[in-house]
Amino acid sequence: LGVGSFGSVYKGVLSDSKTTIAVKRLYAAHQGEKQFRAEVSSIGLIQHINLVKLIGFCCQGDNRLLVYEHMFNGSLDGHLFKSNAFVLNWDIRYQIVLGMARGLSYLHQSCRECIIHCDIKPENILLDASFVPKIADFGMAKFLGRDFSRVLTTMRGTIGYLAPEWIS
């Protein structure tokens, strides 16, 4: 289905059902260990309609696999930047923006610990069969306690998509 900086994503089907899944295989266990743990500990504990659902994971030997619900319409970047993609009408675009805002608001305000995604970009917004957006790829997520009041000293994210507050 795709390739990212820390691994490849494959389409699969669960053996006991007809459920289609996406399996993210992280490269080199020692290099992706921090991202793997961040992903499992963040998205593995929370559920929201606008966050991708983690179904399971594997941490055996050098294998680091994350199993997610499959998103039928792929990532948002495919619809925005590819010439042969389905063109999103303004109503769908509006619903995508609202869904992303709801997902981010949930991460920032409704979780026990505030979760800052740190890598929001079109490639990390997945779209289900009804074009409901789901935020994905929590490998760079930062957890902040509710009593957080310090200044952050390290930037995280993809160049070109860094949040202005990281830069200032």
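**Figure 1. Pairing of strands β3 and β5 in the predicted model.** In this predicted model, strand β3, spanning residues 20-26, runs antiparallel to strand β5, spanning residues 63-69, and the two are joined by five bridges. Two residue pairs mark the register of this ladder. Ile21 lies opposite Glu69 of β5, while Arg25 has Leu65 of β5 as its bridge partner.

**Figure 2. The hairpin of β4 and β5.** Strand β4 covers residues 54-60 and is connected to β5 by six bridges in an antiparallel arrangement. Within this ladder, Cys58 is placed opposite Leu65 of β5. Leu65 is also the β5 bridge partner of Arg25. Two residues separate the strands of the hairpin, where Gly61 adopts a positive phi near 60 degrees.

**Figure 3. The five-stranded sheet.** The strands of this open sheet are arranged in the order β1-β2-β3-β5-β4, with antiparallel pairing. Its edges are formed by β1 (2-3) and β4, each of which pairs on one side only. In general, the strands of a sheet pair through backbone hydrogen bonds, in either a parallel or an antiparallel manner. The ladders shown in the preceding views belong to this sheet: β3 with β5 contributes five bridges, and β4 with β5 contributes six.

**Figure 4. Surroundings of Cys59 and Cys58.** No disulfides are present in the structure, the count being zero. For Cys59, the closest cysteine sulfur belongs to Cys58 at 7.1 Å, and therefore the two are too far apart for a bond; the cut-off for a disulfide is a sulfur pair within 2.5 Å. Cys59 is partly exposed, with a relative accessible area of 43%. Its neighbour in this view, Cys58, is the residue that faces Leu65 across the β4-β5 ladder.

**Figure 5. Surroundings of Cys118 and Cys114.** The closest cysteine sulfur to that of Cys118 is in Cys114, at a distance of 9.8 Å, so a bond is ruled out by the separation. Cys118 is buried, its relative accessible area being 12%.

**Figure 6. The whole protein chain, as context for the close-up views.** The chain contains four helices and nine strands, which succeed one another along the sequence as β-β-β-α-β-β-α-α-β-β-β-β-α. The chain has 168 residues, 40% of which count as buried. Among contacts with a separation of 6 or more, 57% link residues 24 or more positions apart. The exposed area of the chain is about 10300 Å², of which carbon and sulfur atoms supply 56%.

Note on methods:
Residues numbered from 1 in each chain as written. Predicted model: local features only at pLDDT ≥ 70, side-chain atom pairs only at ≥ 80, totals over all residues. Heavy atoms only, no water. Buried < 20%, exposed > 50% of the residue type's maximum accessible area, 1.4 Å probe, protein only. Contact = heavy atoms within 4.5 Å. Areas by Shrake-Rupley, 256 points an atom, 1.4 Å probe, with all protein chains shown as cover. Pairing = 2+ DSSP bridges.
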